[in-house]
Amino acid sequence: MKNLPHKMPSKPLFVYTIPLLSSLIVVIKADPTLLSVDCPNTTLATTSTFAPNSTYQTNLNNLLSVLSSHSSNASNGFYNFTAGTSPPDVAYGLFLCRGDVAANACRDCVVNATGHVVEQCPRSKRVTVWYDECLLRYSNASIFAAADTRLSVVLQNRVNVTNNGTRFSEFLGEVMYNITVRASSDDSGKKFATGEAYYTALQPVYGLAQCTPDLSDSDCNNCLQDCISKLPYAKQGAQVLFPSCYIRYEMYPFYTTSFGGTPPPPSSVFPPSTTTPSSRGKTCFCSA
């Protein structure tokens, strides 16, 4: 019996397994979904670019660090900051998380955005990056409390609406108008609203609208109305992105319906088509 090999206890094996599982979780963690990036031509030496090791770069690095550090405790998923005191080297920046995303998803998106934006737009003083979960923006000119609709990005589903496209355009206009009005006057301070409506008894349409919370109600509403004017209504889904606001609609759920509690009762009913009996159904403008 003395010559038998010593049997290792099972406990150390369990101890070594824990770090392995932890590493696996980190590896499979999904990055935020990048939608679009806007930055000026960095190959040209203009006022829109900065030199390496310049004062603006120092201020920008400070700005991105501050935004990243506040990503886990920002009120309403929004935070802005100013780094520096002497124009034109002052760096103004902000982030905005989509109103329904969880706090950890907001943090992950902002951390990812601030960590990669300089690689995406090297030497750019003015940058806007849109992710599905958040927005990051900075500039050497103040971007706070002012709607910016000079730049727009339109993303759309390739599939067209084939069932009475004209009526769908009218229906969608009603849905998105209702959502934008509620978003611009959102009492929660998020300037965010969603809506679910039925185009037919079996086909719901989901919409979302959001502004940066530093906009006034009227500026937010005007910004969102500009978004609506650029919507491709014949598609089965689309979104319009501005630096200060954005809207989106789809034929499937794409937002978290329980982010703000129980939705209120339906506030409006879209009249059924007189020529398409199968389109009858209630329109439920549900927000949370």
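## Enclosed spaces

A cavity here is a set of grid points where a 1.4 Å probe fits but cannot get out, and its lining residues have an atom within 4 Å of such a point. With that in hand, the second largest cavity of this predicted model is lined by L94, R137, I143, A145, A146, T212, D214, L215, P243 and S244. The space inside the second largest cavity comes to about 30 Å³. Sorted by class, its lining has six nonpolar, two polar and two charged residues.

In total, the structure holds two cavities of 30 Å³ or more. The largest cavity has a volume of about 120 Å³. Its lining numbers 15 residues, and R98, Y131, D132, Q239 and Y246 are the ones nearest the centre. At least two lining residues come from each of strand 4 (127-131), strand 5 (134-139), strand 9 (237-241) and strand 10 (245-250). Where does the largest cavity lie with respect to domain 1 (34-139) and domain 2 (153-250)? Both domains give residues to the lining, so the largest cavity lies between them. The lining of the largest cavity divides into 10 nonpolar, one polar and four charged residues.

## Open pockets

Now for the pockets. The largest pocket offers about 330 Å³ of space. It is lined by 18 residues, with R126, T128, R137, D148 and R150 closest to its centre. Strand 4 and strand 5 each give at least two residues to the lining of the largest pocket, and strand 5 has the largest share, with three. By class, the lining of the largest pocket has 10 nonpolar, three polar and five charged residues. You may recognise R137, as this residue also lines the second largest cavity.

The second largest pocket holds about 160 Å³. Among the residues lining it are S71, S72, N76, C97, R98, C106 and K190. R98 is familiar too, being one of the residues nearest the centre of the largest cavity. The lining of the second largest pocket has five nonpolar, five polar and two charged residues.

## Nonpolar cores

In soluble globular proteins, nonpolar side chains tend to be buried together. In this model, the largest nonpolar core has 28 residues, of which F168, M176, V205, L224, I247 and Y249 touch the most other members. Two or more residues of this core come from each of helix 4 (165-184), strand 7 (192-200), strand 8 (203-211), helix 5 (217-229), strand 9 and strand 10. Helix 4 makes the largest contribution, seven residues.

For a closer look, take L224. Beyond its neighbours within four places in sequence, L224 is in contact with T180, A183, A209, Q210, C211, C245, Y246 and I247. There is also a second, separate core of 23 residues, including L64, A91, A113 and C121.

## A193 in its setting

A193 is found in strand 7. Is A193 buried or exposed? Its relative accessible area is 3%, and residues under 20% count as buried, so A193 is buried. Leaving out residues up to four places away in sequence, A193 touches I179, R182, A183, G207, L208 and A209. The C-alpha atoms of A193 and T180 are separated by 7.2 Å, although these residues are 13 apart along the chain.

## The chain as a whole

Stepping back, the protein chain has five helices and 10 strands. Of its 288 residues, 43% are buried. Among contacts with a separation of 6 or more, 68% are between residues 24 or more positions apart.

Conventions:
Residues are numbered from 1 along each chain as its sequence is written. This is a predicted model: local features need pLDDT of at least 70, side-chain atom pairs count only at pLDDT 80 or more; totals for chains, interfaces and linings use all residues. Side-chain values use heavy atoms; hydrogens and water are left out. On a 1 Å grid over the protein atoms alone, a cavity is a set of points where a 1.4 Å probe fits but cannot get out, and a pocket is an open set with protein on both sides within 12 Å along at least five of seven lines; lining residues have an atom within 4 Å of a point. Grid points are joined across faces, edges and corners, and a volume is the space filled by probe spheres set on the points. Helices (H or I, at least four residues) and strands (E, at least two) are DSSP runs, numbered from the N terminus. Ala, Val, Leu, Ile, Met, Phe, Trp, Tyr, Cys and Pro count as nonpolar, Asp, Glu, Lys and Arg as charged, and the others, Gly among them, as polar. Domain bounds come from an automatic or database domain assignment. A nonpolar core is a set of buried Ala, Val, Leu, Ile, Met, Phe, Trp, Tyr and Cys residues joined through side-chain atoms within 4.5 Å. Buried means under 20% relative accessible area, exposed over 50%, partly exposed in between (1.4 Å probe, protein chains only). Contact means heavy atoms within 4.5 Å.
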